[in-house]
Amino acid sequence: MNIVIIVGSTRPGRKSIFVAEYIKKVGKDYSGDKFTLVDPIDFPDLLMGRGNDYSNPKYSKIVEEADAFIIVSPEYNHSFPGALKSILDSELENYIHKPVALVGVSSGRWGGTRVVESLLPVVRELGMVITFADLQFPNVSKIFDENGEIIDTAYEDRVKKSFDELLWMAKTMKHGRDNITK
């Protein structure tokens with residue numbers, strides 16, 4: 001499977017990048033699947049909020065080839081960052097009938113629960129199918145050290161549980177995309 005992890009923030013000092021890199025490492029070690037980390041900083045042309053009228057060929061190819069997605073986003077004012085919305089809106093057709101796992105990150109105790117809730121209608125509108133095993137990383141500065149190394153190893157089992165659901169859905173939906181006509 002080809003799994004794309006999309007980081008939701010471009011803010012300097014962001015901790016969500018630590019979470020995304022950790023999820024990528026656990027996923028590769030656990031499943032052996034291919035993981036691609038998409039950092040919106042690498043796609044400044046997509047951050048202009050032009051919607052699907054403008055796309056980036058490199059990002060389009062990544063999304064087209066993806067079997068599943070993981071969105072790792074911090075919570076900004078009870079929602080998600082504009083950078084994430086811009087990058088998601090740049091592609092529409094290539095998200096359809098692909099599963100997505102949502103990961104909330106927060107400096108507070110709620111762990112990004114509200115960012116996950118805010119993303120639900122957006123990813124549904126994009127045609128993605130949401131897994132039931134969301135992940136939350138509350139008090140992220142207590143989970144990772146200043147170098148991005150995990151402190152709380154209990155998260156490994158949570159990430160694996162989320163992967164199990166995502167991979168099952170990815171395999172099932174890939175079969176459907178490849179074998180069932182619309």
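Colleague: How do the residues lining the largest pocket divide into nonpolar, polar and charged?
Modeller: First, this is a predicted model: local features need pLDDT of at least 70, side-chain atom pairs count only at pLDDT 80 or more, and totals for chains, interfaces and linings use all residues. Residues are numbered from 1 along each chain as its sequence is written, and side-chain values use heavy atoms, with hydrogens and water left out. A pocket here is an open set of points on a 1 Å grid over the protein atoms alone, with protein on both sides within 12 Å along at least five of seven lines, and lining residues have an atom within 4 Å of a point. With Ala, Val, Leu, Ile, Met, Phe, Trp, Tyr, Cys and Pro as nonpolar, Asp, Glu, Lys and Arg as charged and the others, Gly among them, as polar, the lining divides into four nonpolar, six polar and four charged.

Colleague: What volume does the largest pocket have?
Modeller: Its lining has 14 residues, and Pro74, Glu75, Tyr76, Ser106 and Ser107 lie nearest its centre. Counting the space filled by probe spheres set on the grid points, which are joined across faces, edges and corners, the volume is about 240 Å³.

Colleague: Ser107 catches my eye; is it buried or exposed?
Modeller: Ser107 lies in the loop between E4 and H4, where helices (H or I, at least four residues) and strands (E, at least two) are DSSP runs numbered from the N terminus. Leaving aside residues up to four places away in sequence, Ser107 touches Asn139 and Val140, a contact being heavy atoms within 4.5 Å. Buried means under 20% relative accessible area, exposed over 50% and partly exposed in between, with a 1.4 Å probe and protein chains only. At a relative accessible area of 67%, Ser107 is therefore exposed.

Colleague: Now to the interior: which element gives the most residues to the largest nonpolar core?
Modeller: Such a core is a set of buried Ala, Val, Leu, Ile, Met, Phe, Trp, Tyr and Cys residues joined through side-chain atoms within 4.5 Å, and the largest one has 28 residues. Strands E1 (2-7), E3 (68-74), E4 (99-105) and E6 (135-137) each supply at least two of them, as do helices H1 (16-31), H5 (140-143) and H6 (155-179). The top contributor, with seven residues, is H1.

Colleague: Which residues form one aromatic cluster with Phe18?
Modeller: Phe137 is among the residues with the most contacts inside the largest core. Its partners beyond four places in sequence include Val19, Ile23, Phe144 and Tyr155. Rings of Phe, Tyr and Trp (its six-membered ring) pair if their centres lie within 6.5 Å, with planes under 30 degrees apart stacked, over 60 edge-to-face and the rest tilted. Joined with Phe18 in the cluster are Tyr22, Phe137, Phe144 and Tyr155.

Colleague: How many residues apart in sequence are the parts that Phe69 and Tyr95 tie together?
Modeller: These two belong to a second, separate core of 26 residues, which also includes Val38 and Ile71. Their rings are edge-to-face, 5.4 Å centre to centre with 65° between the planes, and this is in a structure that holds seven aromatic pairs. Phe69 sits in strand E3 and Tyr95 in the loop between helix H3 (82-89) and E4, so the separation of the parts in sequence is 26 residues.

Colleague: Why is H3 largely enclosed by the rest of the structure?
Modeller: Its buried residues are Ala83, Leu84, Ser86, Ile87, Leu88 and Asp89. They pack against E1, strand E2 (34-38), helix H2 (57-65), E3 and helix H4 (113-125). H3 is largely enclosed because its buried residues number six of the eight.

Colleague: Which element gives the largest share of the lining of the largest cavity?
Modeller: A cavity is a set of grid points where a 1.4 Å probe fits but cannot get out, and there are two of 30 Å³ or more. The largest cavity has a volume of about 50 Å³, and its lining has seven nonpolar, one polar and no charged residues. Among those lining residues are Ile23, Ile70, Val159 and Phe163. The largest share, three residues, comes from H6.

Colleague: And the backbone: in which loop does Asn77 lie?
Modeller: Phi of Asn77 is near 50°, a positive value in a residue other than glycine. Asn77 counts as exposed because its relative accessibility is 75%. Its place is the loop between E3 and H3.
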